[in-house]
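Please walk through the structure shown here with the model open beside the text. The account goes helix by helix and then turns to single residues.

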Amino acid sequence: MDTKKSKSSEKKTVAKNLKEFFIDGLKDIYWAENALVKTLPKMFDHATDQKLKTAIKDHLAQTKEHVVRLENVFKSMGLKAEGKKCLAMDGIIKEGDEIIEETAEGPVRDAGIIASAQKVEHYEIATYGTLAAFAKTLNEREALDLLLKTLGEEKKSDCLLSTIADTNLNSQAVDGKLQSKDLNAV
């Protein structure tokens, strides 16, 4: 079968205005947050650093709140919460799984988990920032407040991950042994 023909015959929904594009973005991040609820326990199980394990555990609880908050965003707009596969998050999660499989248990894997988690956070920060800007433009005040709250939490999570990495974890990963704490953060 001709792949060009089959792809062109698939019906795609095309956003015709900002509100439709905004809703599509909400569906995307809703899928992503739900996927993270399933992924974070695996990261927790493979982490060894206690501060990292605590951060992952706390972020799992927070991510569950983000799912509920997104459901409230949909509700505030008179819509049913619905997800649409987020290809970006799916790729980041697959890359994180690969990092876990390809690193030795201990500081190296922990550094990889932090790198992977920060990619997640940066994607979420970009997404929530964009969605908040759309909500503001569309005068979706309740949605805006909810999205900004999550955006702030995602930024804090990213900072916490950087702090954990900078507090000797990355130094330990250099050769798998404890290193000096006197290195300056980048």
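Helix α4 covers residues 87-101, and its 15 residues, at 1.5 Å a residue, should span 21 Å; the C-alpha atoms at its two ends are 21 Å apart, so the expected and modelled lengths agree. The model is a predicted one. Within α4, the buried residues are M89, D90, I92, I93, G96, I99 and I100. Among the elements that cover these buried residues are α2 and α5. K94 also belongs to α4, but K94 has a relative accessible area of 51% and is therefore exposed, the cut-off for that class being over 50%. From K94 to T39 the sequence separation is 55 residues, while their C-alpha atoms lie 9.9 Å apart in space.

How does α4 sit against α5? The two axes come within 9 Å of each other and cross at roughly 175°. An angle over 145 degrees counts as roughly antiparallel, so α4 and α5 fall into that class. On the α4 side the contact is made by A88, M89, I92, E95, G96, I99 and I100, and on the α5 side by R109, G112, I113, S116, K119, V120, Y123 and E124. Sorted by class, this contact holds eight nonpolar, three polar and four charged residues. Of the α4 residues in this contact, M89, I92, G96, I99 and I100 are also listed as buried.

Helix α2, residues 18-46, packs on α5 as well, at an angle of about 160° and with the axes 10 Å apart. That angle makes α2 roughly antiparallel to α5. The crossing of α2 with α5 is left-handed. By class, the contact of α2 with α5 is made up of 15 nonpolar, four polar and five charged residues.

One residue of α2 can be followed further. L36 lies in helix α2, and its relative accessibility is 3%, so L36 counts as buried. Leaving out neighbours within four places in sequence, L36 touches P41, T63, M89, I93, V120 and E124. Of these partners, M89 and I93 are buried residues of α4, while V120 and E124 are α5 residues that take part in the contact with α4. L36 and D90 are 54 residues apart in sequence, yet the distance between their C-alpha atoms is 9.5 Å.

The next pairing is that of α3 with α5. Helix α3 (residues 50-76) and helix α5 (residues 107-137) have axes that come within 13 Å and cross at roughly 25°. Angles under 35 degrees count as roughly parallel, which is why α3 and α5 are described that way. Their crossing is left-handed. In α3 the contacting residues are L52, I56, H59, H66 and L70, and in α5 they are D110, I113, I114, E121, E124 and Y128. The class count for this contact is six nonpolar, two polar and three charged residues. Residues I113 and E124 of α5 appear in the contact with α3 and also in the contact with α4.

Beyond α5, the chain passes through a loop that contains N139 and leads to α6 (141-173). N139 has a relative accessible area of 52% and is therefore exposed. Its phi is near 60°, a positive value in a residue other than glycine. Most residues other than glycine have a negative phi.

In helix α6, D158 is a residue to look at. Is D158 buried or exposed? Its relative accessible area is 13%, and buried means under 20%, so D158 is buried. Not counting residues up to four places away in sequence, D158 is in contact with Q118, E121, H122 and I125. One of these partners, E121, is also among the α5 residues that meet α3. D158 and I125 are 33 residues apart in sequence and 9.0 Å apart in space, C-alpha to C-alpha.

Finally, the whole chain. The protein has six helices and zero strands, and along the sequence the pattern reads α-α-α-α-α-α. Of the 186 residues in the protein, 42% are buried. Among contacts with a separation of 6 or more, 76% are between residues 24 or more positions apart.

Note on methods. Residues numbered from 1 in each chain as written. Predicted model: local features only at pLDDT ≥ 70, side-chain atom pairs only at ≥ 80, totals over all residues. Heavy atoms only, no water. Axes fitted to C-alpha atoms, helices over the stretch in contact; angles between N-to-C directions. Helix = DSSP H or I, 4+ residues; strand = E, 2+ residues; numbered from the N terminus. Parallel < 35°, antiparallel > 145°, perpendicular 65-115°, else oblique. Left-handed = near helix turned anticlockwise from the far one by under 90°. Contact = heavy atoms within 4.5 Å. Nonpolar A, V, L, I, M, F, W, Y, C, P; charged D, E, K, R; others polar. Expected span 1.5 Å × (residues − 1). Buried < 20%, exposed > 50% of the residue type's maximum accessible area, 1.4 Å probe, protein only.
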